[in-house]
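Please open the model in your viewer and keep the sequence panel beside it, since each stop on this tour begins with a selection. The coordinates are those of a predicted model.

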Amino acid sequence: SLVWQVEVVDNQKLAREQLLRAAAAKGLKQGVWKRQLPLERMERQLLLQFPQLAWLEIDFEGTRALIRVAEKKLPPEKELVVEGPAALVADKEGVIAEILVFSGEARVKEGDTVKPGDVLIDGVITPPVAAGPNNQPLEPKKVQAQGIVRARVWYEAIVETEREQSWQEPGEITGRKIVVNLRGHSYTLWQWENNNSSGPRVTEEKRRNPLSGVELIAVEQKQLLTHRKQLSTQEAEELVREKAWQQIAARLPAGAEVLKKSFTLLDSGNNSTVKGRMIVETREPIGELRRIE
């Protein structure tokens with residue numbers, strides 16, 4: 001019933017300690033009762049506090065509280081700046097949710113389905129039907145389209161994972177030695193090794209450089225242990241769900257608002273793996289400029 005550990009999952013650029021301090025200030029910390037935590041309100045408050053996050057969710061695994069986050073993906077820098085007349089076209093498939101035209105003519109409306117390359121705001125403005133001087137028709141005017149177009153976009157990820165998970169980690173120390181590097185030459189000052197141990201090993205080094213031209217290296221050798229665990233159905237489902245979300249979160253652009261997430265288990269065809277599909281619905285800008293000749 002109590003929270004004994006708070007962890008942050010999937011953060012990359014955002015400092016873990018910064019997010020943990022913010023969560024603690026809102027009541028999510030070691031020793032609190034899980035039932036007393038207003039999780040939805042905390043999630044909203046943390047999202048507002050950290051605008052670099054595209055999504056945040058708090059859930060529990062036993063006595064651990066996990067803060068799962070997805071950071072916004074910054075758009076790549078444009079190598080070519082579009083100059084002169086241009087149209088705003090769709091860069092992905094979606095359903096138009098909002099369109100606001102500053103310059104140009106709208107070619108779509110709310111509720112329309114568009115695909116990549118479809119013109120959203122045209123840079124060619126059609127003149128009125130009225131003729132110009134000497135009854136000559138007016139020429140279309142070309143401008144650089146400007147406006148805001150947001151659409152509902154869907155992302156899908158299908159993930160399959162093994163029920164039996166294995167990982168490696170260092171075990172007991174099987175050897176140590178102290179080495180000094182002096183002007184490009186290495187000398188072993190002290191060495192110890194357990195000759196009774198067997199199997200793969202991993203080596204870790206700690207370097208010190210107190211004097212110019214002299215480097216002291218402490219080498220520690222450890223046995224490499226392999227661990228295996230058979231996941232329960234619930235654990236395997238959570239792992240598939242998390243991996244699917246990670247795949248989708250990596251594809252979300254800056255400015256994408258997550259509207260809905262759904263997850264469905266699929267038939268993997270055997271009992272040794274678990275398979276699932278996640279679909280995420282967002283509301284996001286979808287326009288990019290394309291030059292008009």
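Begin by selecting Lys 261 together with Trp 245: Lys 261 lies over the face of Trp 245, at 4.8 Å from the ring centre. A similar arrangement can be displayed by selecting Lys 34 and Phe 60, where Lys 34 lies over the ring face at 5.2 Å from its centre.

Keep Trp 245 on screen and add Trp 55. How are the rings of Trp 55 and Trp 245 placed relative to each other? Their centres are 4.4 Å apart and their planes meet at 55°, an angle that lies between the limits of 30 and 60 degrees, so the pair is classed as tilted. The count of aromatic pairs in the model comes to one. Trp 55 belongs to strand 2 and Trp 245 to helix 3, so that the pair links parts of the chain that are 190 residues apart. Both Trp 55 and Trp 245 are buried.

Next, colour the largest nonpolar core, which has 29 residues and in which Ile 96, Leu 120, Trp 245, Ile 248 and Ile 286 have the most contacts. At least two residues of this core come from each of strand 4 (86-90), strand 8 (119-122), strand 11 (146-162), helix 3 (233-249) and strand 17 (273-285). A second core, separate from this one, has 20 residues, including Leu 19, Leu 28, Ile 58 and Val 69. In soluble globular proteins, nonpolar side chains tend to be buried together.

To look at one member of the largest core, centre the view on Ile 96 and show what surrounds it. Beyond residues up to four places away in sequence, Ile 96 touches, among others, Val 108, Val 114, Leu 120, Val 149 and Ile 286, and also Lys 109, Glu 110, Asp 112 and Arg 150.

Now select strand 4, where five of the five residues are buried. Which residues of strand 4 point one way, and which the other? Ala 86, Leu 88 and Ala 90 point one way, whereas Ala 87 and Val 89 point the other way. In a regular strand the side chains alternate between the two faces of the sheet. Add strand 18 (residues 287-291), which runs antiparallel to strand 4 and is joined to it by five bridges, with Ala 86 standing opposite Arg 291. Strand 8 also pairs with strand 4 in the antiparallel sense, over two bridges, and here Leu 88 stands opposite Ile 121.

Move on to helix 1 (residues 16-25), whose buried residues are Leu 19, Leu 20, Ala 22 and Ala 23. If you look down the axis of helix 1, these buried residues fall within an arc of 160°, so they line one face of the helix. They pack against strand 1 (5-9), helix 2 (39-49), strand 2 (53-61) and strand 3 (64-71). On the face turned away from the buried side, select the exposed residues Arg 21 and Ala 25. Just after helix 1, Gly 27 takes a positive phi of about 110°.

Finish at Thr 188, which is found in strand 13 (residues 185-193). Its relative accessibility is 45%, which lies between the 20% and 50% limits, so Thr 188 counts as partly exposed. Leaving aside neighbours within four places in sequence, Thr 188 is in contact with Ile 178 and Val 179. For a last distance, select the C-alpha atoms of Thr 188 and Phe 50, which are separated by 51 Å and lie 138 residues apart along the chain.

Notes
Residues numbered from 1 in each chain as written. Predicted model: local features only at pLDDT ≥ 70, side-chain atom pairs only at ≥ 80, totals over all residues. Heavy atoms only, no water. Core = buried A, V, L, I, M, F, W, Y, C linked by side-chain atoms within 4.5 Å. Buried < 20%, exposed > 50% of the residue type's maximum accessible area, 1.4 Å probe, protein only. Helix = DSSP H or I, 4+ residues; strand = E, 2+ residues; numbered from the N terminus. Contact = heavy atoms within 4.5 Å. Pairing = 2+ DSSP bridges. Arc of directions from axis to C-beta. Phe/Tyr/Trp six-rings, centres within 6.5 Å; stacked < 30°, edge-to-face > 60°. Lys NZ or Arg CZ within 6 Å of the ring centre and 35° of its normal.
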